[in-house]
Amino acid sequence: MNANQSSMLILQETCIDAAGSLVVYAPVDIPAMHVVMNGGDSAYVALLPSGFAIVPDGPGGRVGSDSDNGGVGGGSGGGGGGSLLTVAFQILVNSLPTAKLTVESVETVNNLISCTVQKIKAALPSDN
């Protein structure tokens, strides 16, 4: 690897069905994964999965639908419409067990959550 290449990959699983949509992903260290693929112990691979779920809000709703249930952001008329979004992140801020959260760390996480929710909302059709 040269200096411009990352030593991380994203491991991702996606599921979409009538119950909703789920995306789970985790950054993985390439050298650590090579060790595991060659028979090494997987207990030493740091795995912090994050992701999001989008489920219909109300009966008969479909995630991201353009019909009367409205997709993300509310609906028009009958059944409540819209979708519910749950976002979860696992982030290693500091590897020391006695470390305290800093204001900067909290602001970074807040910005990450806000940007992620906005990008998901922008990617889905909406009546609003």
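1. Let's start with a pair of residues you can find quickly: Leu11 stands opposite Ala26 in β2. A little further along, Leu9 has Val28 of β2 as its bridge partner. Keep in mind while you look around that this is a predicted model.

2. Those pairs belong to the β1 and β2 pairing. Ten bridges hold β1 and β2 together, and the two strands run antiparallel. A hairpin takes the chain from β1 to β2, using two residues to do it.

3. Next, step across to β3. The pairing of β2 with β3 is antiparallel too, and spans five bridges. For a landmark here, look at Tyr25, which stands opposite Ser50 in β3.

4. Then comes the pairing of β3 with β4. Strand β3 covers residues 50–56, and six bridges join this strand to β4 in antiparallel fashion. Gly51 is a handy marker, since Ala88 in β4 stands opposite this glycine.

5. Now put the strands together. In what order do the four strands of the open sheet lie? They lie as β1-β2-β3-β4, with antiparallel pairing. At the edges you'll find β1 (8–17) and β4 (83–88), each of which pairs on one side only. From one strand to the next, the twist averages 10°. As background, sheet strands pair through backbone hydrogen bonds, in either a parallel or an antiparallel way.

6. Two helices are worth checking against this sheet. Helix α1 packs on the sheet and touches β1 and β2, with its direction at about 90° to that of β2. Helix α2 (residues 103–123) also packs on the sheet, but touches β3 and β4, and its direction makes about 145° with that of β4.

7. Have a look at both ends of α1. Which residue caps the N-terminal end of this helix, residues 30–37? That's Asp29, with a side-chain oxygen 3.2 Å from the backbone nitrogen of Ala32. After α1 comes Gly39, and the phi of this glycine is positive, near 95°.

8. Finally, the largest pocket. Its volume is about 200 Å³. Several residues you've already met turn up in the lining, including Tyr25, Asp29 and Ser50. Others to pick out in the lining are Met8, Pro27, Ala46, Leu47, Leu48, Phe89, Gln90, Ile91 and Leu92.

9. Where does the largest share of that lining come from? Strand β2 (residues 20–29) supplies it, with three residues. By type, the lining of the largest pocket splits into nine nonpolar residues, two polar and one charged. So Asp29 deserves a second glance, because Asp counts as charged: this residue lines the pocket and also caps α1.

Definitions and conventions: Residues numbered from 1 in each chain as written. Predicted model: local features only at pLDDT ≥ 70, side-chain atom pairs only at ≥ 80, totals over all residues. Heavy atoms only, no water. 1 Å grid on protein atoms, 1.4 Å probe; cavity = no way out; pocket = protein on both sides within 12 Å on 5 of 7 lines; lining within 4 Å. Points joined across faces, edges and corners; volume = space filled by probe spheres on them. Polar contact = N/O pair within 3.5 Å; in protein donor to acceptor, adjacent residues only side chain to side chain. Pairing = 2+ DSSP bridges. Axes fitted to C-alpha atoms, helices over the stretch in contact; angles between N-to-C directions. Contact = heavy atoms within 4.5 Å.
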